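Got your viewer open? Load the model below and follow along, one selection at a time.

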Amino acid sequence: MSDLDLLTQSLARNVKRWRTERGFTLEALAGRAGVSRGMLIQIEQARTNPSLGTVVKIGDALGVSITTLLDYEQGPKVRIVPAEQAVRLWHTDAGSYNRLLAGTEAPGPLEMWDWRLMPGEGSPSDPHPTGTVELVHVMVGDLTLTVDGVAHRVPAGASASFEANTAHRYGNDGDVPVEMVMAVSVPLVH
């Protein structure tokens with residue numbers, strides 16, 4: 001079984017599990033996540049590989065991290081993620097990418113990401129639920145962080161945090177790759 005098949009089946013099982021645990025019908029989750037009922041059915045039946053944006057919306061609507069939606073084991077309290085098992089969820093032909101390094105559910109979803117943005121590239125994000133916070137630390141290059149239409153320069157060695165319940169974008173307007181680590185904290189769904 002390929003990694004993609006494993007992720008597709010894990011996503012199917014976990015979306016259905018968390019939807020049931022939250023007491024959501026397909027219609028309710030579709031409405032909360034802003035995705036079609038048909039897309040949810042295809043995901044829960046492991047018949048499609050949805051975009052990262054769709055998985056993020058479903059995770060946000062369920063109040064669980066992407067790590068939890070893609071997890072294929074219930075591991076022990078300590079979970080080591082070998083470098084080769086970090087999940088690359090987005091990439092471009094020019095070499096930009098993000099990798100989900102680790103995540104947990106304490107008390108709400110918390111994720112840690114490794115990003116590389118090549119010169120001239122960027123990655124937009126839809127607003128996350130109110131209470132979501134993102135933190136970034138730039139190791140190499142100059143990040144252009146745009147939050148609610150306002151651009152902020154975050155140079156190498158600097159960090160930034162912001163409330164992510166508005167549209168935001170990570171961009172590289174410089175001439176060297178941007179390398180950064182990002183953490184996302186999503187509030188628990190009640």
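The tour starts with the whole chain, moves to the core, and ends at a few loop residues.

**Whole chain.** Keep in mind that you're looking at a predicted model. Show it as a cartoon and you can count five helices and ten strands in the protein chain. The radius of gyration is 17 Å, close to the 16 Å that the globule rule gives for 190 residues, so the chain is as compact as a globular protein of that length. Lined up on its principal axes, the C-alpha trace fills a box of roughly 45 × 35 × 35 Å. If you like contact maps, take those contacts between residues at least 6 apart in sequence: 63% of them join residues at least 24 apart.

**Surface.** Now switch on the surface. The accessible area of the protein chain is about 10,000 Å², and carbon and sulfur atoms account for 53% of it. Colour by charge next: there are 16 positive and 22 negative charges, and their mean positions lie 8 Å apart. Hide the surface again and you're left with the inside, where buried residues make up 41% of the 190.

**The core.** Which residues touch the most other members of the largest nonpolar core? Select I58, L143 and Y170: those are the ones, in a core of 40 residues. The largest share of this core, five residues, comes from α4. Zoom in on I58. Beyond its neighbours within four places in sequence, I58 is in contact with V15, L29, A33, V35, L40, I43 and L69.

**The α3–α4 loop.** I43 is a handy stepping stone, since T48 is in contact with this residue too, along with T8, M39 and Q42, again leaving aside neighbours within four places. T48 is in the loop between α3 (37-44) and α4 (52-62). Is T48 buried or exposed? Its relative accessibility is 18%, under the 20% cut-off, so T48 counts as buried.

Stay in this loop and pick A46, which also belongs to the stretch between α3 and α4. A46 counts as partly exposed, at 30% relative accessibility. Check the backbone here: phi of A46 is near 55°, a positive value in a residue other than glycine. Most residues other than glycine have a negative phi.

**The β6–β7 loop.** Last stop: D148, in the loop between β6 (142-147) and β7 (150-155). D148 has a positive phi as well, about 55°, although it is not a glycine. With 56% relative accessibility, D148 counts as exposed.

Notes. Residues are numbered from 1 along each chain as its sequence is written. This is a predicted model: local features need pLDDT of at least 70, side-chain atom pairs count only at pLDDT 80 or more; totals for chains, interfaces and linings use all residues. Side-chain values use heavy atoms; hydrogens and water are left out. Helices (H or I, at least four residues) and strands (E, at least two) are DSSP runs, numbered from the N terminus. The radius of gyration is taken over C-alpha atoms; the globule rule is 2.2 Å times the number of residues to the power 0.38. Buried means under 20% relative accessible area, exposed over 50%, partly exposed in between (1.4 Å probe, protein chains only). Contact means heavy atoms within 4.5 Å. Accessible areas come from the Shrake-Rupley method with a 1.4 Å probe; for residues, only the protein chains shown count as cover. Lys and Arg count as positive and Asp and Glu as negative; His and the chain ends are not counted. The place of a charge is taken as NZ of Lys, CZ of Arg, CG of Asp or CD of Glu. A nonpolar core is a set of buried Ala, Val, Leu, Ile, Met, Phe, Trp, Tyr and Cys residues joined through side-chain atoms within 4.5 Å.
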